[in-house]
Amino acid sequence: MEKELLKKPNFYQALVFLDTRRSLPARNMWSHIEGDMEFVVRRIQQLERKIVTIHTIVLNIGASDADSQLLTAIERLSIPRVLGVIHAAGVFEDHLIIDTTSASFGRVLSSKLAGTLALHRVFPPNALDFFILFSSIG
Ligand SMILES: NC(=O)c1ccc[n+]([C@@H]2O[C@H](COP(=O)([O-])OP(=O)(O)OC[C@H]3O[C@@H](n4cnc5c(N)ncnc54)[C@H](OP(=O)(O)O)[C@@H]3O)[C@@H](O)[C@H]2O)c1
């Protein structure tokens, strides 16, 4: 998907947000980074070589106040209008429905349902050019 977006000249100056619950290390640490955030940092560096500016917002999109947290974070960045959202947050807890627990079910649904509703409140109908949601069927 990133490759497709980057083929479009209008996206070359786009700002891309990664919503994650984990914070990224400071940029001056990126050349030495190892572990599970190394892949994320290397992808950001690849995209930035294509003249995309990337800001990260650390956020649990399933939190009850995720909409106000996101609005505050976007206002702080002082950027032009957000044109589109790709909501790809998801938690992988693969069980047959008969074997799952309500706690596990809640964790999986949280980013999908509460997260989508939070994004809907921040970006109401007609606010965006595109809004892409990733489902999860296990
Ligand atoms: N890969 C597949 O086969 C497959 C199949 C069907 C659907 N999907 C869906 O496609 C999407 C992308 O899949 P993927 O394999 O790229 O997933 P992935 O590598 O597990 O990435 C999901 C990301 O979501 C973030 N995340 C989870 N809960 C969050 C929350 N509450 N708030 C903010 N960020 C959150 C995680 O970051 P942190 O852990 O740092 O928070 C993680 O970086 C997911 O929505 C998934 O459900 C994938």
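Colleague: What should the 12 residues of H3 span at 1.5 Å a residue?
Modeller: This is a predicted model, in which local features need pLDDT of at least 70, side-chain atom pairs count only at pLDDT 80 or more, and totals for chains, interfaces and linings use all residues. Residues are numbered from 1 along each chain as its sequence is written. H3, a helix (DSSP run of H or I, at least four residues, numbered from the N terminus), has end C-alpha atoms 16 Å apart. This agrees with the expected span (1.5 Å times one less than the number of residues), which is 16 Å.

Colleague: How are H3 and H4 oriented to each other?
Modeller: The axes (lines fitted to C-alpha atoms over the stretch in contact) of H3, residues 66-77, and H4 lie 8 Å apart at an angle of about 50°. This angle is neither under 35, over 145 nor 65 to 115 degrees, and the helices are therefore oblique.

Colleague: Which residues of H4 make the contact with H3?
Modeller: In this contact (C-beta atoms, placed from the backbone, within 7 Å), H3 contributes Ala66, Asp67, Leu70 and Leu71. H4 contributes Gly115, Ala118, Arg121 and Val122.

Colleague: Which residue follows H3?
Modeller: The residue after H3 has a positive phi, near 55°. That residue is Ser78.

Colleague: Which element gives the most to the shell around the ligand?
Modeller: Of the 18 residues around the ligand, those that come nearest include Arg21, Ser111 and Phe134 (near: C-beta atom, placed from the backbone, within 6 Å). Strand E1 (15-20; a strand is a DSSP run of E, at least two residues) and helix H4 (102-122) each supply at least two residues of the shell. With 3 residues, the element that gives the most is H4.

Technical notes:
Axes are lines fitted to C-alpha atoms, for helices over the stretch in contact, and angles run from 0 to 180 degrees between N-to-C directions. Two residues are in contact if their C-beta atoms, placed from the backbone, lie within 7 Å.
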